[in-house]
Amino acid sequence: MIKRRDLLKGMLSLPLVGGLFGNAFSKPPINSVSALGRDYFKELGLRSYINAAGTYTSLTGSIMRPEVIDAINYASKQYVRLEDIQERVGVRISELLGCEDAQVTAGAFSAMTLGLAGVLTGMDREKAARIPNDLSGMKSEVILQKSHHIGYAHALRNTGVKIVEVETKKELEKAINKETAMLWYLNAHSENSEIAHEEFIEIGKKNNIPTMNDCAADVPPVENLWKYTDMGYDLVCFSGGKGIKGPQSAGLLLGRKDLIEAARISAPPNGDTVGRGMKVNKEEVLGMLVALETYIALDHEQEWKLWERQIKFISDQAKTVNGVETEIHVPEVANHVPSLKVTWDQSQVGATPFEIREALKNGHPSIETKGGDKTVDITTWMMNPGEERIVAERLRMLLKEASKKT
Ligand SMILES: *Cc1c(COP(=O)(O)O)cnc(C)c1O
């Protein structure tokens with residue numbers, strides 16, 4: 001138990017800490033204890049881990065850059081009106097990305113709901129108050145490709161619309177009717193889609209139906225931030241806390257000005273709306289802008305080369321163990337970063353990939369990886385610098401320990 005007196009002492013010593021360490025403390029290293037000296041996660045009985053998996057929601061996405069934390073701290077000390085900061089940040093983001101307008105949302109999922117709500121209601125607040133129970137006077141269907149119909153389409157159904165699945169271009173054209181509100185595309189599945197982006201957009205335009213592209217996890221490459229609005233999508237959605245390394249509970253709705261303005265009708269602070277629970281505070285609205293600025297300004301080529309070196313290092317270490325094989329690959333779309341698959345001959349290494357992954361997770365420090373029971377899958381893009389060496393050594397050691405003596 002921490003006594004109140006001890007807590008107070010910690011607080012009183014705060015200015016002294018600043019004084020002693022001066023500028024060295026202005027940008028504390030990630031994972032350091034707070035300036036108050038409290039180890040909050042430890043107090044809660046939580047153990048942090050090296051993220052060798054990637055930008056997974058359950059693993060809390062990404063670590064925000066110091067610039068983002070500075071912006072959040074800055075905004076936390078003074079008031080501005082919520083609608084004003086959204087409007088001004090929207091202008092700045094659209095200047096940065098070359099789109100018409102932008103809204104910071106509570107993640108890509110909420111960008112989808114709000115974007116569609118705007119398509120359904122236009123600027124009519126009375127309609128917004130009736131979503132999702134009564135869509136009379138509004139359109140009520142969204143069309144998407146069957147291969148795109150994964151769990152995220154629930155964000156669309158939250159507005160009360162019905163999802164209509166199609167497989168081919170022909171089917172899409174046939175499915176369009178007077179109830180069709182929007183056409184929705186899952187960018188992550190664009191590689192194996194029956195209908196390509198350009199055809200999809202063209203059909204939307206021909207029929208005067210807005211198109212939306214869900215690009216939640218689809219930076220890098222950085223160009224994707226403007227590629228799809230440039231291509232002609234009316235609305236594009238991104239997650240804030242994946243590759244952009246903004247606040248995990250923020251996201252972006254980008255696109256046509258009239259549709260963004262309509263989406264705002266259903267967003268906080270407006271109360272009687274489907275989006276009222278999708279609040280983004282001023283700290284995160286500003287944090288999202290600064291995350292975007294910081295991300296765009298990076299030397300992306302250099303970052304890519306770093307990831308390649310890190311992955312090769314881990315791969316080389318793992319391969320020193322007899323029977324271990326590795327494959328370095330880059331997923332085409334979504335999580336488009338150098339990635340490692342580690343497999344082995346179980347007659348030579350007597351442990352399953354699941355067992356090795358559990359051992360990585362349960363060791364010190366804890367290391368989170370992906371992969372089912374067939375591979376250990378590793379990426380380095382969500383690691384802090386140097387952690388790839390710890391991961392490489394631990395993986396090598398565990399594989400070595402499981403090696404059968406022959
Ligand atoms: C992560 C993800 C989402 C949800 O994004 P949030 O920012 O967590 O709301 C939606 N669609 C796809 C394809 C995703 O990968």
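Biologist: Which residues does Glu327 touch, not counting residues up to four places away in sequence?
Modeller: This is a predicted model, in which local features need pLDDT of at least 70 and side-chain atom pairs count only at pLDDT 80 or more, whereas totals for chains, interfaces and linings use all residues. Residues are numbered from 1 along each chain as its sequence is written, and side-chain values use heavy atoms, with hydrogens and water left out. Glu327 is found in strand 9 (helices, H or I, of at least four residues and strands, E, of at least two are DSSP runs, numbered from the N terminus). With contact taken as heavy atoms within 4.5 Å, and with residues up to four places away in sequence not counted, Glu327 touches Ser339, Leu340 and Lys341.

Biologist: What distance separates the C-alpha atoms of Glu327 and Lys341, and is Glu327 buried, partly exposed or exposed?
Modeller: Glu327 and Lys341 are 14 residues apart along the chain, and their C-alpha atoms are separated by 5.1 Å. On the scale used here, buried means under 20% relative accessible area, exposed over 50% and partly exposed in between, with a 1.4 Å probe and protein chains only. Because its relative accessibility is 44%, Glu327 counts as partly exposed.

Biologist: How many bridges join strand 9 to strand 10?
Modeller: Strands are said to pair if DSSP finds at least two bridges between them. Val324 stands opposite Trp344 in strand 10, and Ile328 stands opposite Leu340 in that strand. Strand 9 and strand 10, the latter spanning residues 339–344, run antiparallel, and the number of bridges joining them is 6.

Biologist: Why is one side of strand 9 and of strand 12 left without a neighbour in the sheet?
Modeller: The open sheet is formed by 3 strands in the order 9-10-12, with antiparallel pairing. Strand 9 (324–329) and strand 12 (376–379) are left without a neighbour on one side because each stands at an edge, with a single partner strand.

Biologist: Which helices pack on this sheet, touching strand 9, strand 10 and strand 12?
Modeller: Neighbouring strands of this sheet are turned by 20° against each other on average, direction ignored; axes here are lines fitted to C-alpha atoms, for helices over the stretch in contact, and angles run from 0 to 180 degrees between N-to-C directions. The helix of residues 300–319 touches strand 9, strand 10 and strand 12 and makes about 165° with the direction of strand 9, and the helix of residues 387–401 touches these three strands and makes about 10° with the direction of strand 10. The two are helix 14 and helix 16.

Biologist: Which strands are the edge strands of the open sheet of 7 strands?
Modeller: The 7 strands follow the order 2-8-7-6-5-3-4, and their pairing is mixed. Each edge strand pairs on one side only, and the two are strand 2 (101–105) and strand 4 (162–166).

Biologist: How much of the area that the ligand exposes when taken alone does the protein bury?
Modeller: Among the residues around the ligand (one heavy atom within 4 Å of it) are Phe109, Tyr152, Asp214 and Lys242. Oxygen atoms of the ligand lie 2.6 Å from an N or O atom in the side chain of Ser239 and 2.9 Å from such an atom in Lys242. Taken alone the ligand exposes 380 Å², by the Shrake-Rupley method with a 1.4 Å probe, and the part buried by the protein is 85%.

Biologist: Is Lys282 buried or exposed?
Modeller: Lys282 has its place in helix 13 (residues 282–297), and the residues it touches include Ala75, Tyr79 and Ile85. Because its relative accessible area is 16%, Lys282 is buried.

Biologist: Which residues does the peptide bond with omega of about -10° join?
Modeller: Most peptide bonds are trans. One cis bond, with omega of about 5°, joins Ile131 and Pro132, and Pro132 lies in the loop between helix 7 (125–128) and strand 3. The cis bond with omega of about -10° precedes a proline found in the loop between helix 15 (353–362) and strand 11 (366–368), and it joins His364 and Pro365.

Biologist: What is the phi of Thr60?
Modeller: Thr60 is found in the loop between strand 1 (49–51) and helix 4 (66–75), and with a relative accessible area of 49% it is partly exposed. Although Thr60 is not a glycine, its phi is positive, at about 65°.

Key:
Polar contact = N/O pair within 3.5 Å; in protein donor to acceptor, adjacent residues only side chain to side chain.
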